[in-house]
Amino acid sequence: MIVSRVKIVATIGPASEKTDVLRELIKYVDGVRINFSHGNTEEWRTRVMNVREFRNDITVLGDLRGPGIRTGGMKPITISTGDSVEFRLDDKSDGGFVPVPNSSFFRVITIDDIIVMNDGRLRLRVEKVSGNRAVLTALTSGTIMQEKAIVIKGKDYPIPILDDYDREALKFAVSIGMDYVGVSHVRSSDDIEEVRAELRRIGGDWVRLVAKIEGPDAVRNMKDVVCASDYVMVARGDLGMHFDLEEIPRIQSSIIKESQKCGKPVMVATQLLESMIEQPVPTRAEVVDITNAVMEGVDSLLLTGETAVGKYPIEAVQWLRRVAGEYEGEVRIDREVMANLTDRLALGIVQLAEDIGAKIVIYSRGGRFVEAISRYRPKVPTYVGVSDERILRRLRLYWGVEPIIIGDIKDYDEGERETLNQLIRSGSIAKGDLVLLTHGVIDTYNDYSIRILRI
Ligand SMILES: Nc1ncnc2c1ncn2[C@@H]1O[C@H](COP(=O)(O)OP(=O)(O)O)[C@@H](O)[C@H]1O
Ligand SMILES: C=C(OP(=O)(O)O)C(=O)O
Ligand SMILES: [K+]
Ligand SMILES: [Mg+2]
């Protein structure tokens with residue numbers, strides 16, 4: 001397993017689900033993403049079972065389709081600038097019009113709205129709306145394909161955060177033990193709470209939520225949405241359709257800063273290595289884009305189309321790991337001193353370990369203290385012993401955290417010792433190393449110890 005402090009997540013799709021590709025690809029990632037916008041339960045199950053067969057310690061993120069609207073079943077329609085195109089409420093079309101399977105599209109659009117499709121390459125203007133039909137003028141040339149997102153620039157659809165399809169996907173995610181669920185097109189903290197409530201209702205309250213910041217409402221309510229979530233995603237695919245491209249760098253930076261201020265891990269997604277869908281080597285611009293995200297201190301990076309349908313899925317994850325590994329040691333974030341004791345102790349431990357050059361070894365039952373340590377981006381290796389596979393897979397997506405399973409131990413001091421012994425046996429901790437050993441929990445444990453050992 002190739003490690004780096006910045007964590008790597010890859011979307012599994014037609015290009016990467018074949019077992020020989022999958023077996024190689026997951027050597028280079030910390031997590032995989034199953035995109036519920038495409039495919040069906042059988043395909044999703046097969047992918048997760050195959051991943052778990054090769055590595056059962058890998059984090060699995062299930063990405064909900066959510067309140068976005070996509071074209072229905074249709075053969076590709078190629079249009080040229082100036083063409084008039086009809087959109088109609090229907091599940092499918094034989095070619096004469098674009099089928100839109102959701103009536104709220106026709107309720108929300110108004111004359112002169114700009115419709116954006118194909119990841120932003122295609123734009124149309126609304127000319128006429130009557131009932132469940134609309135006539136649009138093409139502002140660019142391009143091809144309209146099936147199951148592709150239809151974005152009304154600057155507008156979120158006022159439809160429920162979960163529809164029946166999403167509820168089924170959530171049930172599947174819980175049944176197969178996914179660790180994170182991506183909440184697509186989230187608009188507010190209420191949306192996050194609604195998904196949490198649904199997870200509680202179906203017995204999946206351990207599942208953590210990734211708020212996908214990808215639309216105008218989420219950007220407007222950024223602080224609330226970020227602080228209500230467990231993990232944050234800068235979802236540049238839809239962001240780049242709602243906003244002008246030149247706004248993306250500013251929005252990305254503010255989402256990352258807001259996440260770090262609220263102590264939430266954050267990932268950047270989409271088009272990180274877009275050219276590698278066709279080419280085996282990235283562009284200079286893509287390498288610099290990845291470096292910028294790493295230097296801004298993101299916890300993880302997500303590949304979407306590159307590994308879902310690209311021609312070079314393995315090379316894509318290798319390049320991502322290589323570039324992230326090159327710069328992650330130089331990340332600089334402002335280490336705000338937080339209010340509560342747990343965070344202040346975590347900051348003290350990171351500074352002490354860095355001052356004396358000690359590796360940090362933590363035994364953690366719930367993972368809470370590790371999250372606090374990770375947010376300060378420690379410059380020394382940080383190992384965590386945990387008793388629960390779920391906690392391990394959850395922590396694997398945090399910056400710099402290297403989790404190991406140490407069996408079901410209740411006593412903290414014993415847990416610390418067992419973690420250290422395992423790390424010595426595996427060679428992660430070597431003779432002569434300075435180690436800062438702690439179990440960290442203060443709120444539910446009345447004593448608190450730090451031990452410095454010379455191995
Ligand atoms: N599991 C899949 N099955 C078929 N096509 C897929 C799958 N995953 C992704 N794709 C294709 O790759 C494109 C980019 O992947 P991704 O960004 O994950 O999807 P989207 O942006 O549509 O949610 C998708 O628009 C779709 O055309
Ligand atoms: C990751 C994203 O969401 P999806 O691919 O599910 O639309 C995105 O929009 O960047
Ligand atoms: K999705
Ligand atoms: Mg999106």
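Welcome to this predicted model. A good place to start is D238, a buried residue whose relative accessible area is 14%. Together with E214, D238 coordinates the magnesium ion (ligand 4). From that ion, this briefing moves on to ligand 1, then to salt bridges, and ends with a domain taken from a record.

**The magnesium ion**

- The donors to the magnesium ion (ligand 4) are E214, through OE, and D238, through OD, at 1.9 to 2.1 Å.
- E214 sits in the loop between β14 (208-213) and α6 (216-220), while D238 belongs to helix α8 (residues 236-242), so the two tie together parts of the chain that are 24 residues apart in sequence.
- E214 is buried, because its relative accessible area is 2% and the cut-off for buried is under 20%.
- The value for D238, 14%, also makes that residue buried.
- A potassium ion (ligand 3) is found 5.8 Å from the magnesium ion (ligand 4).

**Ligand 1 and its surroundings**

- The residues around ligand 1 are T11, P14, R33, N35, H38, R47, R70, K148, T304, G305, A308 and V309.
- K148 places a polar side-chain atom 2.8 Å from an oxygen atom of ligand 1.
- R70 also has a polar side-chain atom by an oxygen atom of ligand 1, at 3.0 Å.
- For R47, an N or O atom of the side chain is 3.5 Å from a nitrogen atom of ligand 1.
- On its own, ligand 1 has 520 Å² of accessible area, and the protein covers 74% of it.

**Salt bridges**

- The model has 33 salt bridges in total, and a few of them are described here.
- D113 pairs with K155, with 2.7 Å between the closest N and O atoms.
- This pair links distant parts of the chain, 42 residues apart: D113 is in the loop between α3 (104-108) and β8 (114-117), and K155 is in the loop between β12 (149-152) and α4 (164-175).
- D113 counts as buried at 10% relative accessibility, whereas K155 is partly exposed at 23%.
- Another salt bridge joins R451 to E416, whose closest N and O atoms are 3.0 Å apart.
- Here too, distant parts of the chain are linked: R451 is in strand β22 (residues 450-454) and E416 is in helix α16 (residues 412-426), 35 residues apart.
- R451 is partly exposed, with a relative accessible area of 30%, but E416 is buried, with a value of 1%.
- E418 and R425 also meet through their side chains in a salt bridge, at 3.3 Å from N to O.
- E418 is partly exposed, at 22% relative accessible area, and R425 is exposed, at 59%.
- Salt bridges with shared partners connect D164, R167, E198 and R201 into one network.

**A domain from the record**

- An unreviewed UniProt entry places the feature "domain: Pyruvate kinase barrel" at residues 4-317.
- Across residues 4-317, helix makes up 33% of the chain and strand 25%.
- The C-alpha atoms at the two ends of residues 4-317 are 12 Å apart.

Notes. Residues are numbered from 1 along each chain as its sequence is written. Chains are lettered from A and ligands numbered from 1 in the order in which they are written. This is a predicted model: local features need pLDDT of at least 70, side-chain atom pairs count only at pLDDT 80 or more; totals for chains, interfaces and linings use all residues. Side-chain values use heavy atoms; hydrogens and water are left out. UniProt positions are given in the numbering used here, feature names are shortened, and annotations may be inferred rather than shown by experiment. Helices (H or I, at least four residues) and strands (E, at least two) are DSSP runs, numbered from the N terminus. A salt bridge is a side-chain nitrogen of Lys or Arg within 4 Å of a carboxyl oxygen of Asp or Glu. Buried means under 20% relative accessible area, exposed over 50%, partly exposed in between (1.4 Å probe, protein chains only). A residue is near a molecule or strand if one of its heavy atoms lies within 4 Å of it. A polar contact is a pair of N or O atoms within 3.5 Å; within protein, one must be able to donate a hydrogen and the other to accept it, and residues adjacent in sequence count only if both atoms are side-chain atoms. Accessible areas come from the Shrake-Rupley method with a 1.4 Å probe; for residues, only the protein chains shown count as cover. Donors are N, O and S atoms within 2.8 Å of the metal (3.2 Å for Na, K and Ca); water is not among the atoms, so sites may look incomplete.
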